[in-house]
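Q: Please take one part of this structure and go through its surroundings with care. From there, please carry the account onward to the other parts for which something definite can be said.

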Amino acid sequence: MDSRGRIFVAGHRGLVGSAIVRALRAAGFENVLTRARADVDLCDRSSVDRFFAAERPDYVFLAAAKVGGILANNTRPAEFIYDNLAIELNVIDSAYRHGVAKLQFLGSSCIYPKLAPQPIREEYLLTGPLEPTNEWYAIAKIAGLKLCQSYRLQYGFNAISLMPTNLYGPGDNFDLQSSHVLPALIRKFHEARLSGARQVAIWGTGSPMREFLHVDDLADAAIRLMQSYNEGEIVNVGAGVDVSIRELAETVREIVGFEGELIFDSSKPDGTPRKLLDISRLRALGWSPKIALREGIARTYEWYCEQTAAAV
Ligand code: GFB
């Protein structure tokens, strides 16, 4: 990736996109293009074509997606499959047709079978049924990586695909209905501590295992692979270690300083029992995660407190 190249980060307001913009600027890339949804609607092909024709970026990070936690995925399936397919079709095809040199597609670890052997290797893709709570999003993300591979095969388009594990960090979504577990726990414990509540409800049984990677680690991997990886095979991006939801909740409770009880609401779904990624392929490319979970949660909670204090 040429440092003078024009780099479009699609989805720059989101958790991943904002981290990639931060990391690009910190690495001295000056020519970073971003567009608000009001200016470029990625679900509208003509809007996307107008942007690519006018701006002619050299590189694209496709971090834009309709994302959400287990409840949002499970209750809004049509939105999750339609919006993500539309974004992928529009951006990947328009990027190719407007001469983009290289595109990086961000997928998700939910593309793998519900009961894949652990840790999950890239070749386990499509070897078994998906997790029902997010199969809609998963199918859209599988279509995205297949689009990238088909454009490489048929047109020689240098599109690469990264499959990140569950991510967290500054810029995350803290809405309790649509967020992922880690930001939800930070907010729940924070508000319970301030209000003096005696209990915090955790969804599910607390037994599922999840792997969490700080989004700044992901951004570092994304830039490294944009500079050095030029193959069609997908690449897992993970932390290489997982924790149970119960352990996670106890860690967040301690960091936030809440002293009440955890109660587990088994009326909410557990989702996939485990989805630890095998990151051997990424390690072989010279990358390894740097931000340990406890340190990452503490930094994210500090950021959350600054944001909520500023919002008052
Ligand atoms: O992070 P999460 O919503 O998504 O849920 P997934 C992870 C686990 O945390 C589930 C439990 O077992 C939840 O039941 N959990 C406990 C909670 N308390 C809470 C809470 O207050 N909020 C939330 N959200 N969960 C997502 C997919 O699956 O993984 C997305 O739905 C995406 O599409 C993402 O792929 C990476 O990890 O289960």
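**Helix H1 and what surrounds it**

A: The buried residues of helix H1 pack against strand S1 (7-10), strand S2 (32-33), strand S3 (59-62), strand S4 (102-106), strand S6 (166-168) and helix H7 (215-228). This is a predicted model, and the description that follows should be read with that in mind. Helix H1 covers residues 15-26, and its 12 residues reach 17 Å from the first C-alpha to the last, a span close to the 16 Å expected at 1.5 Å a residue. Because 9 of the 12 residues of H1 are buried, the helix is largely enclosed by the rest of the structure. The buried positions are Leu15, Val16, Gly17, Ser18, Ala19, Ile20, Val21, Ala23 and Leu24. An α-helix has 3.6 residues a turn, so residues three or four places apart point the same way. After H1 comes Gly28, which has a positive phi near 90°.

Two of the strands that H1 packs against, S3 and S4, lead on to other parts of the chain. In the loop between helix H2 (45-55) and S3 sits Arg56, a residue that is not a glycine and yet has a positive phi of about 45°. Arg56 counts as partly exposed, because its relative accessibility is 46%. For context, most residues other than glycine have a negative phi, and most peptide bonds are trans.

The loop between S4 and helix H5 (135-155) holds Pro119, and the peptide bond from Gln118 to Pro119 is cis, with omega near -10°. Leu126 is found in the loop between S4 and H5 as well, and its phi, near 65°, is positive although Leu126 is a residue other than glycine. With a relative accessibility of 53%, Leu126 counts as exposed, because exposed means over 50%.

Lys114 also lies in the loop between S4 and H5, and at 27% relative accessibility it counts as partly exposed. The C-alpha atoms of Lys114 and Leu130 are separated by 4.9 Å, while the two residues are 16 places apart along the chain. Leaving aside residues up to four places away in sequence, Lys114 touches Pro129, Leu130, Glu131, Pro132, Gly271, Thr272, Pro273 and Arg274. With one of these, Glu131, the side chain of Lys114 makes a polar contact of 2.9 Å.

Beyond that loop comes H5, whose 21 residues should span 30 Å at 1.5 Å a residue, which agrees with the 29 Å between its end C-alpha atoms. Buried in H5 are Tyr137, Ala138, Ala140, Lys141, Ile142, Gly144, Leu145, Leu147, Cys148, Gln149 and Tyr151, and the buried residues of this helix pack against H3, H4, S4 and strand S5 (159-164). S4 is thus a packing partner of the buried residues of H5 and also of those of H1. Just after H5, Gly156 takes a positive phi of about 75°.

Helix H4 (residues 77-97), one of the partners of H5, contains Val91. Val91 has a relative accessible area of 0% and is therefore buried. Not counting residues up to four places away in sequence, Val91 touches Leu42, Val48, Phe52, Val60, Leu62 and Leu103. By contrast, Ala239 is 148 residues from Val91 in sequence, and their C-alpha atoms are 29 Å apart in space.

Helix H3 (70-75) leads to the ligand, since H3, helix H6 (181-195) and strand S7 (199-203) each supply at least two residues of the shell around the ligand. H6 gives the most, with 3 residues. By class, this shell has 10 nonpolar, 8 polar and 4 charged residues, and of the 22 residues around the ligand, Ile70, Asn166, Lys188, Pro269 and Asp270 come nearest. A polar backbone atom of Asp270 is 2.6 Å from an oxygen atom of the ligand, a polar backbone atom of Ile70 is 2.8 Å from an oxygen atom of the ligand, and a polar backbone atom of Trp203 is 2.9 Å from a nitrogen atom of the ligand. On its own the ligand has 710 Å² of accessible area, and the protein covers 97% of that.

Conventions. Residues numbered from 1 in each chain as written. Predicted model: local features only at pLDDT ≥ 70, side-chain atom pairs only at ≥ 80, totals over all residues. Heavy atoms only, no water. Near = heavy atom within 4 Å. Polar contact = N/O pair within 3.5 Å; in protein donor to acceptor, adjacent residues only side chain to side chain. Areas by Shrake-Rupley, 256 points an atom, 1.4 Å probe, with all protein chains shown as cover. Helix = DSSP H or I, 4+ residues; strand = E, 2+ residues; numbered from the N terminus. Nonpolar A, V, L, I, M, F, W, Y, C, P; charged D, E, K, R; others polar. Expected span 1.5 Å × (residues − 1). Buried < 20%, exposed > 50% of the residue type's maximum accessible area, 1.4 Å probe, protein only. Contact = heavy atoms within 4.5 Å.
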